[in-house]
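Please find below a colleague's note on the model, set out as numbered points.

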Amino acid sequence: MGDMGGGGETKDVIDVEAVVVGAGIAGLATALALRRAGFAARDGGDGCGGGGVVVLERHAELRATGAALTVFPNGWFALRALGVAHKLTPRYQPYETSVVTNLESGATQVFRFGGHKSRSGEVRVRPVHRRALLEAMAEELPPGTIRFSSRLASIGTEPAGGGGGGEELAVVGLDDGTVIRSRVLVGCDGVHSAVARWLGMAEPASSGRSCVRGLAVYPGGHGVRKELRQFLSHGLRAGMVPISDTDIYWFVVNNTVPAGKPAQMPRIKICSNLMIKREAAGDPEKILREVTDNLGRHLPEEFLDVARHSDPDNLTWAPLLYRAPWAILTGRAARGPVTVAGDAFHPMTPDMAQGGCAALEDAVVLARALSSRSPSPSPADGVAAYVAERRGRAAWIVAGAYLSGYVQQGSTSAPGVRAAAVKLFRDWIFYRFVFPLLADTMWFDCGDLVASPPRDGGGEEEAADCKKSHVH
């Protein structure tokens, strides 16, 4: 078994169908998809996923880091396949436009999220509270499925049935000495995934940017129009979007260090005369002061007012990391019955708001591949089929998100002439012609949990297809 740095003496050995590492969006969606597809649906009463699937979460409760996210149609298609979309859509109203203001020139552009295709029907772009999404999925899982305060100590494989037959079991050891064997192990443990590291995948790299995210709360209501507002200036992009009548999600993305540097950054330069140590990223008061008094002091007062209404518990700062598209295309994302999903597979910058949506797609595709009845594939075959299907799309989304962020912030790390050319491209070409192409990828339908080819359509037909996959 591969050692990860310790662990107590073995006290229990538990056998389950599937182990999912991490109870974030990818982890909960994967666990739910495996159960709904029938791969890990048996009940065993062992307090560990009912003998079917167990989700290992290192924290003591569900965590909603990031406060909110925007779910594009591809995410809603996946949520419909999982049978939980109907729990969220009545609570969150859609929006269709983004208003982008260049603070340097004063120019404003308005564009829609429909892409090049004519869109109709009920599938729309909706911002949601991250906790609401997590809870909507978690409450569909049997009690005991999520094992909190569970930290990995080791990962490995062993022959199934004592050897012979060629099939392997995944084996994880926890720091309390528990050993769990499973037919499939899925790492959904985020950007710094222990499972991805065990597989030998390339470490994520810095995009050269960092992001502050917050949730503003107006108990008496905010009256802000339902649209995404974005503000661009030299090396900075800020945005805000209402989630409900009382809550507004906001963010500030700024250039920090040269792109491509290793992810380990002990100090991050976030403005010309101030250095913030990594530990300050956990101090909401310092983060907010930096946004309102320094980094974003030139932003419109309407944005700064939103930032000042932030809930301290939902204010975060983090560097933006990604895995290079070629590493996703060629890296070892599977080894026997072990694979990864979500940010553990394809960490990306948030510039297309596709991190959560892509994770939901992963869950549906993986469960479908593992539950395929033809021609009775082994779990390793199912895992390999899933990786083969997801590599290309994941690499494309990561590349599109990186390009989107690079262009929208004007590439201030580039030399003068090149930076000017990028800004010209952004203001006259990107929003008018390139973004609609990227938006088309957000309407991808990953298909049902049962084996069927993925679709890339739009409108009423898409909505009708999704309704077929709704599982109660």
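The points that follow treat the basis of the model, its nonpolar cores and its helices.

1. This is a predicted model, in which local features need pLDDT of at least 70, side-chain atom pairs count only at pLDDT 80 or more, and totals for chains, interfaces and linings use all residues. Residues are numbered from 1 along each chain as its sequence is written, and side-chain values use heavy atoms, with hydrogens and water left out.

2. The largest nonpolar core (buried Ala, Val, Leu, Ile, Met, Phe, Trp, Tyr and Cys residues joined through side-chain atoms within 4.5 Å) has 118 residues. Buried denotes under 20% relative accessible area, exposed over 50%, and partly exposed in between, with a 1.4 Å probe and protein chains only. Val19, Leu28, Leu79, Leu82, Met137, Ile180 and Val340 touch the most other members. Helix 9 (residues 355–370) gives the largest share, 11 residues; helices are DSSP runs of H or I with at least four residues, numbered from the N terminus.

3. Because domain 1 (13–91 + 119–204 + 324–442) and domain 2 (207–260 + 276–321) both contribute residues, this core lies between them. The domain bounds come from an automatic or database domain assignment. Another core, of 20 residues, lies apart from it and includes Val212 and Phe231.

4. Helix 1 (residues 25–36) and helix 9 pack at about 25 degrees, and are therefore roughly parallel (angles under 35 degrees). Contact (heavy atoms within 4.5 Å) involves residues including Ala29 of helix 1 and Ala363 of helix 9.

5. In helix 2 (residues 73–82), 10 of 10 residues are buried, among them Trp76 and Arg80. Just after helix 2, Gly83 takes a positive phi of about 85 degrees.

Definitions and conventions:
Helices (H or I, at least four residues) and strands (E, at least two) are DSSP runs, numbered from the N terminus. Axes are lines fitted to C-alpha atoms, for helices over the stretch in contact, and angles run from 0 to 180 degrees between N-to-C directions. Angles under 35 degrees count as roughly parallel, over 145 as roughly antiparallel, 65 to 115 as roughly perpendicular and the rest as oblique.
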